[in-house]
Amino acid sequence: MEAKDWRQEQERLEKVKSKLQARIAELEPGIAGLRDQAADIRKRFWEEVSINTGTYEDFEETFYTINQQSAILAERERGHKLQMQQWKSMNRLLPSPYFGRIDFQEDGLDLSEQIYIGVSSFVDDDGLSFLIYDWRTPIASMYYDYSPGRASYVTPTGTFEGTMELKRQFQIQNGQIHNMFDASETIGDELLQQVLGKGADSQMKSIVATIQREQNAIIRNDKSRMLIVQGAAGSGKTSAALQRVAYLLYKHRQTIRADQIVLFSPNPMFASYISTVLPELGEENMQQTTFQEYLDYWLGSSLRPEDPFDQIEYVLTAQGAPGYEARLQGMGYKASEAFLQALQSYGIWLGREGMRFNDIRFRDRDLIAAERLREIFYGFDRSLPLSNRVVLLQEWLLNELASLERIERDAAWVQEELNYLDAEQYAEIFGMLHKEKEVFDLAEQFAAVREKISNKRRGDEGDFDFALKEEDLLRQRIVKESFKPLRKSVKKFSFVDVKGIYGQLFVDEAAYRERTNGAFIPPLWPEICRQTKETLLRNELFHEDATPYLYVKELIEGVRTNTEIRYVFVDEGQDYSPFQYEYLKKLFPRARMTVLGDFGQAIFMQATSLDAPDSPLVRLFGEAETSLIRLVRSYRSTKEIVEFTKSMLPDGEKIVPFERGGRKPLLTRVDGGERRDAQIMADIAALMAEGFDSIAVITKTAAESREVHEALRSHGGEALRLVTKETLNFEKGVMVIPVYLAKGVEFDAVFVYDASPEAYGRENERKLLYTACTRAMHRLHLYTTGDWSPFVQVLPANLYEKATFHPYTAR
Ligand SMILES: Nc1ncnc2c1ncn2[C@@H]1O[C@H](COP(=O)(O)OP(=O)(O)OP(=O)(O)O)[C@@H](O)[C@H]1O
């Protein structure tokens with residue numbers, strides 16, 4: 001680039017910076033002043049209003065003064081917030097005001113406009129010329145979508161076409177241009193090369209300056225109810241999702257707040273990993289949760305649901321244990337649409353027969369028997385949905401309890417309790433009675449006066465029997481208190497035996513067929529039934545049963561919904577079952593959904609393909625309401641690592657590496673575990689000396705992680721961290737981590753601790769190994785003490801290097 005260009009750009013940058021500084025200085029006193037003012041109004045709020053309720057007019061005036069005061073306060077606070085936002089965004093812009101420039105000549109206009117793009121807009125003092133355009137404005141989309149030449153952008157008023165004459169990228173730090181590239185391709189590779197070449201971080205970074213065209217399509221898609229993104233490992237799904245949240249918050253800023261967007265993430269550690277991206281872009285974070293949190297919340301008090309990590313740990317470690325095959329078959333079946341349909345049919349069957357209720361018990365006796373509840377239930381109009389009839393039964397029960405409560409007041413135990421009341425309880429009742437007596441006396445006086453005026457004798461004579469009333473009240477009180485928990489539990493539907501209702505599905509084949517309208521039955525059904533019943537008996541739930549159980553519970557009690565949420569994001573979407581999707585759809589009826597995932601990394605049993613022609617995900621909202629975007633370019637890893645990992649997948653040839661070179665993956669075979677540990681510690685030291693400071697030793701299971709952590713510590717790895725499912729924060733450093741917890745995150749270097757056929761030999765372990773290897777950005781090492789996993793053995797030898805020696809020194 002010519003020196004003239006550099007000079008001009010630096011001059012412009014200086015000009016923009018000084019305008020920003022001037023604006024910040026302008027805003028500064030106002031901000032401080034507003035802050036004081038709002039605090040002051042709040043303090044003096046009640047001084048300004050005199051509370052006077054003497055007459056109706058006084059009351060009215062007071063009411064209006066209060067209203068006026070709070071309106072002023074709200075206005076000031078709004079003003080304050082707006083100015084504060086402006087002030088913050090100017091400060092954010094100052095060190096790096098923009099990262100891109102395009103020169104665009106719109107057809108029919110003589111002048112070409114220079115459009116500088118940054119993380120927020122900045123308008124000149126005239127209020128018209130944009131010195132910086134927010135990256136989310138329609139015009140800025142051309143920066144991501146086109147290389148110089150013909151280009152266009154779409155606004156709500158129409159499409160604008162023209163010619164992009166220049167496209168320039170900047171690296172500006174601390175107010176200085178460090179680098180500048182004129183791009184000929186869509187977002188030239190230079191900047192991306194530099195960004196991707198950097199080390200891994202403990203927090204994910206925003207990709208705003210280097211968003212790729214296909215990612216931009218995800219970010220700005222605002223047409224369909226359901227957006228599905230199937231993208232290879234490292235293709236920027238999570239990054240695009242977060243940029244998309246920022247985009248939606250900008251585009252719909254008048255109508256949508258950050259807390260109306262929710263992201264389902266794979267584990268709590270992942271949530272901490274991505275938590276800084278939106279604030280970096282000047283937006284508030286959306287809500288984040290995991291599906292498990294939701295299950296625990298709704299099931300946790302009555303049953304202990306297993307979490308997905310314990311489930312996968314079982315799958316990976318219990319081969320050969322009795323009942324293992326059946327459990328696996330059960331996992332597959334219970335996550336399937338066939339089972340979902342079976343449950344829907346079951347709901348219809350329950351409408352006719354088979355509902356189970358719990359006896360309503362009180363003081364060790366049956367107050368209302370389950371059988372009676374069943375009679376009442378099936379006595380209601382059968383055309384009503386199940387859940388409506390359950391609500392009717394609830395109402396009936398509450399009325400019934402009220403009558404039984406009245407009868408109960410004369411029971412002997414109440415008399416007993418009366419004798420044991422303490423002084424405080426008496427005093428309280430006494431106080432209440434006094435109040436009642438005052439009212440009574442007043443009523444008496446009124447009756448006497450009326451008697452006089454109308455000259456008519458009253459039929460009844462007032463008599464306030466204090467003692468009798470006191471006892472009555474006390475009895476009422478005692479019974480009411482003891483009925484309270486009953487009423488409360490009836491309101492929570494605990495009279496329905498959901499556990500029994502779910503459990504009776506798993507009796508025998510014939511019963512199951514009858515109750516589910518002839519549903520398909522997996523071959524190992526008797527054993528599946530036995531296992532399911534046994535866990536229920538222990539008040540536990542397998543992970544695969546948790547969502548179906550909740551589904552049945554809601555068939556009966558009515559569906560929970562959250563209408564506040566407008567956008568739902570599901571990351572690692574391949575790990576959710578059709579059931580769970582059905583669920584999310586029902587739970588958030590007003591929300592649009594974005595599901596991002598990679599079937600190549602589907603390591604849980606309940607996996608759902610995102611883009612198969614018959615994918616249940618596409619059927620969820622129907623084809624017309626669904627958009628599907630595929631990402632095939634992988635950005636995380638070097639070309640060598642991508643070539644190696646993609647060859648492990650049957651249809652991996654579609655994955656395209658980004659052209660960033662590095663060393664080939666290194667395969668090291670050593671004699672015995674002790675040697676392996678020593679070698680790994682030596683290799684870690686060597687990589688750290690090269691400047692890599694985020695290194696993960698990845699194991700297949702959590703059990704193996706614990707052992708490896710111990711073993712490596714005894715070889716000098718005292719500083720190694722062990723990551724478990726309880727780890728909440730993702731920190732940089734050297735760590736041992738099971739593969740399923742490393743999902744979604746990345747490291748400078750990955751060491752696959754045991755790449756033997758014993759660890760990764762079965763077909764369902766292929767994707768585990770793939771997921772582990774694709775966490776590596778710059779270096780990938782695999783170790784074994786015997787043979788190589790068949791998924792490695794079949795790889796062409798030119799895709800890796802083999803360590804031919806093993807003194808424990810740097811290579
Ligand atoms: N356009 C881009 N510009 C700069 N970096 C990018 C871009 N796209 C992706 N990356 C980087 O590539 C890496 C992988 O991105 P991300 O984690 O979003 O991918 P993913 O598809 O969610 O991966 P996985 O499925 O393997 O978890 C991150 O370091 C991210 O910053």
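This is a tour of a predicted model, taken selection by selection through its domains, two sheets, a helix pair and one loop residue.

**Domains**

Start by colouring four ranges: domain 1 (3-94), domain 2 (98-220), domain 3 (237-306 + 561-631) and domain 4 (639-802). Domain 3 is given as two segments, 237-306 and 561-631.

Next, show domain 2 and domain 3 together. Their C-alpha centres are 28 Å apart. Where they touch, domain 2 supplies 16 residues and domain 3 supplies 17 residues. Select helix H5 (residues 213-220) on the domain 2 side: with 6 residues, H5 gives the most to that side of the contact. Colour the domain 2 side by residue class and it divides into 8 nonpolar, 4 polar and 4 charged residues.

**The sheet of 6 strands**

Now select the strands of the open sheet ordered E10-E9-E15-E16-E8-E17, in which the pairing is parallel. At its edges are strand E10 (287-289) and strand E17 (626-631), each of which pairs on one side only. Looking across the sheet, the twist from one strand to the next averages 15°.

Within this sheet, pick out strand E8 (residues 226-231) and strand E16 (residues 592-597), a parallel pair joined over 5 bridges. To place the register, label isoleucine 228 and valine 595; the valine, in E16, is the bridge partner of the isoleucine.

Then add helix H6 (residues 237-251), which packs on the sheet. H6 touches E8, strand E9 (261-264), strand E15 (567-570), E16 and E17. The direction of H6 makes about 160° with that of E16.

**The sheet of 7 strands**

Move on to the second open sheet, with the strand order E22-E23-E21-E24-E25-E20-E26 and parallel pairing. Strand E22 (721-722) and strand E26 (801-802) are at the edges; each has a single partner strand, so one side of each has no neighbour in the sheet.

Select strand E20 (residues 666-669) with E26: the two run parallel and are joined by 2 bridges. Which residue of E26 is the bridge partner of leucine 666? Label glutamate 801, which takes that place.

Add helix H25 (residues 673-689), which packs on this sheet. Its contacts are with E20, strand E21 (695-699), strand E23 (734-738), strand E24 (747-752) and strand E25 (776-784). Between the direction of H25 and that of E25 the angle is about 165°.

**A helix pair**

Select helix H11 (residues 324-334) and helix H20 (residues 525-537). Their axes come within 9 Å and cross at roughly 85°, which means that H11 is roughly perpendicular to H20. Show side chains for Ala326, Arg327, Gln329 and Gly330 in H11, and for Glu527, Ile528 and Gln531 in H20, where the two helices meet. By class, the residues of this contact are 2 nonpolar, 3 polar and 2 charged.

**Valine 496**

Finish in the loop between helix H17 (466-491) and helix H18 (498-503), where valine 496 lies. Is valine 496 buried or exposed? Valine 496 has 21 C-beta neighbours inside 10 Å and therefore counts as buried. Apart from neighbours within four places in sequence, the residues in contact with valine 496 are Phe357, Val390 and Ile556.

For a last distance, select valine 496 and leucine 94. These two residues are 402 residues apart along the chain, and their C-alpha atoms are separated by 62 Å.

Methods: Residues numbered from 1 in each chain as written. Predicted model: local features only at pLDDT ≥ 70, side-chain atom pairs only at ≥ 80, totals over all residues. Pairing = 2+ DSSP bridges. Helix = DSSP H or I, 4+ residues; strand = E, 2+ residues; numbered from the N terminus. Axes fitted to C-alpha atoms, helices over the stretch in contact; angles between N-to-C directions. Contact = placed C-beta atoms within 7 Å. Domains from an automatic or database assignment. Nonpolar A, V, L, I, M, F, W, Y, C, P; charged D, E, K, R; others polar. Parallel < 35°, antiparallel > 145°, perpendicular 65-115°, else oblique. Buried ≥ 20, exposed ≤ 12 C-beta atoms within 10 Å, placed from the backbone.
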